[in-house]
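Good morning, everyone, and thank you for making room for me. I would like to walk you slowly through one structure, so please have it open in front of you.

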Amino acid sequence: MSVTSPDFMLETRGAQRSLDAFVVAATFDRHGGTAAFGGSDGSVWLLDMADRAEWRNVMTHDGSVLALSPDCLPGGFLSGGDDGKLCRIGTQHTCLASFGSKWVEQVVSFADAKQRIFAVGVGKAVQIHAENGAVLKRLEHPSTVTGVVFDARGKRIAASHYGGASLWFVASKTDNPRKLEWKGSHTGIAIDPAGENVVTSMQENSLHGWRLADNQHMRMSGYPGKTQAMSFTRNGKWLATSGAESVVLWPFFGGGPMGKAPTELAGGDTAMCSFVACHPKHDAVAAGFSDGLVVLADIATSRIVPVAAPGRGAISAMAWSPDGAYLAFGSETGFAAVVDFTARA
Amino acid sequence: MSDTLVPVTVLTGYLGAGKTTLLNRILSENHGRKYAVIINEFGELGVDNDLVVDTDEEVFEMNNGCICCTVRGDLIRIVGALMKRRTKFDGIIIETTGLANPAPVAQTFFVDDDIRAKTRLDAIVTVVDAKHLPRRLLDSHEAEDQIAFADVIVLNKTDLVNAGELAAVEAQIRRINKFAKIHHAQKSNVPIAELLDQGAFDLARVLAHTPDFLTDDEHEHSDEIASMSFEVTAPIDPEKFNAWIGGLLAQKGQDLLRTKGILSYKGDDRRFAFQAVHMIADGDFIGPWKADDPRVSRLVFIGRNLNRPQLRRGFEGCAA
């Protein structure tokens, strides 16, 4: 084994395991103490970052996990499943709500010094909940909600659906969304860290964006496949996306992305980029590919560090710990791993 | 290749025709296979099955400049999620609402790349009520469309009509769709093996048993749906065929509900299967021609305003 082996990072600084189910989601709790993986068999696997030795299996859903998020409370997680249940995973795990035969497809949370809330997407509705699980409000949309995201300050929440996206004020007394309209089926959503741009992924292998200040539309197209994952860099300058043979990064500065060509990183292979996650502290993006390759790409220098070699299934989930010390990723064939990126003396 | 794709059966039928009864039979009968079921009216299904998904039909237009290209957005999402636990079931059954036009469901399986890569539309099964169908056909376009789209038709409630009425209703179905397999049933009692895993798009079998009685003089210029089939014995030139069928679908796609065929391309030992729903077309090589099979290219059209001489001349013009 040499430093040049594409598995060097995984073998020397990683913890790995086969979960025997499609890894639907990966995330860390708010403090980064625990990594969590959600599987298509309804289980959530937890790995403590202190020793990275013991994997704990928590069966939460009778069916598949559809969404997994850090809890707004420290140390825990929230999961949604196709059994219609919303679960809280902490020192024990509890069912917070049941939506019958409707799938809980999105779960997101927000926490700062002033508020701790979370939201779920179920059918055409987004429900905002207080930290104790109580429903604060229910926001209805014209069609099924396909993506939900809080802005970086937790003031607004945006949902994608057919015909565009809806942007709501979380604390507003009168619930009228700002409607961001664009014809077609929108399948996922992102907001930049400054809260100035909303971007959706679309059925037709393209992205659509709205600059909120002046309602400027942004069209970002040319993808050979659908974009499953979008991630803004920490300063909002770049939007990294999956759906092409490379990591496609759109510039959100200097007048872009309108009229600008995107930057492409880690391309050259025939495998498609299937997942991306921007580093929370540096201008770098982790990318997973359909052949199982995982890399870390430095945006300024285009330098690529291999993290895991191809061969363990298409990468289907990926997340950084909040401090950027650990990268978690999982694949369609059930491979799950956490790699340590902390500096070593 | 097709063995690794999950077969999808679409179950259509007018309200009260017996769709839910049929679905209950499929789910409760002991046939050793497991189906994921996507339905619209959850309460009606009396069977406990952890793979039943409740959805609202969401018909979306595609932004591809094709006016009749509509898909079911909810199916793209749900089938995509189901495929993440592919090992838990053998097939998928999609029940549509009584008033549904089958086109968006069928088109979903042609248009979405992810779904195409993992599933195959096995058959469209339409349940009709022998007693009430004649009246339905008078007052509803959807009832007619559902028959036109079908690969398999369950002619249900035959106990409620006499032999003459039954023959009349069957003739009425045949006028719309000559090519579907028809099963007579009471309380939807059709052997499950006749409905699922039909490989209806392995058209050779279907087309082999479709005598075409119509002659060229018959020239359908009406709003009524009709079906026609054509044969060419000379090998087909793929480029000529693509140019002709592409132009035809672009021009008449709205009238052409379904087009399907098996083609013998010049210089190729494999059968080429072609199918289209309105303007959306798809084609792929399937198994080789058998040694003793006549290498005849067959094409079937089901739709409105079909011009037999024109279609025949067009197809014959594709000979290499």
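I will speak about two interfaces, starting with the one between the chains and then turning to the one inside chain B. Please keep in mind throughout that this is a predicted model.

Let us begin where the chains meet: 25 residues of chain A are in contact with 19 residues of chain B, and the two chains bury about 2,100 Å² between them, with 47% of it on carbon and sulfur atoms. On the side of chain A, S101(A), W103(A) and Y162(A) supply 25% of the area buried against chain B, which is more than any other three residues. The rule finds seven salt bridges across this interface, and in one of them R77(B) pairs with E105(A), their closest N and O atoms being 3.3 Å apart. The residues with which chain A touches chain B divide into six nonpolar, twelve polar and seven charged.

Now to chain B itself, which is divided into domain 1, residues 2-194, and domain 2, residues 203-316. Between these domains about 2,100 Å² is buried, and carbon and sulfur atoms give 62% of that area. Within domain 1, F110(B), K178(B) and F179(B) lose the most area to domain 2, together 35% of what that side buries. Five salt bridges are counted between the domains of chain B, and separately I would point you to the salt bridge in which the side chains of D145(B) and R304(B) meet, at 3.1 Å from N to O. The side of domain 1 that touches domain 2 comprises 14 nonpolar, three polar and eight charged residues.

Definitions and conventions
Residues are numbered from 1 along each chain as its sequence is written. Chains are lettered from A and ligands numbered from 1 in the order in which they are written. This is a predicted model: local features need pLDDT of at least 70, side-chain atom pairs count only at pLDDT 80 or more; totals for chains, interfaces and linings use all residues. Side-chain values use heavy atoms; hydrogens and water are left out. Contact means heavy atoms within 4.5 Å. Buried area is the accessible area (1.4 Å probe) that two parts lose on being put together, summed over both. A salt bridge is a side-chain nitrogen of Lys or Arg within 4 Å of a carboxyl oxygen of Asp or Glu. Ala, Val, Leu, Ile, Met, Phe, Trp, Tyr, Cys and Pro count as nonpolar, Asp, Glu, Lys and Arg as charged, and the others, Gly among them, as polar. Domain bounds come from an automatic or database domain assignment.
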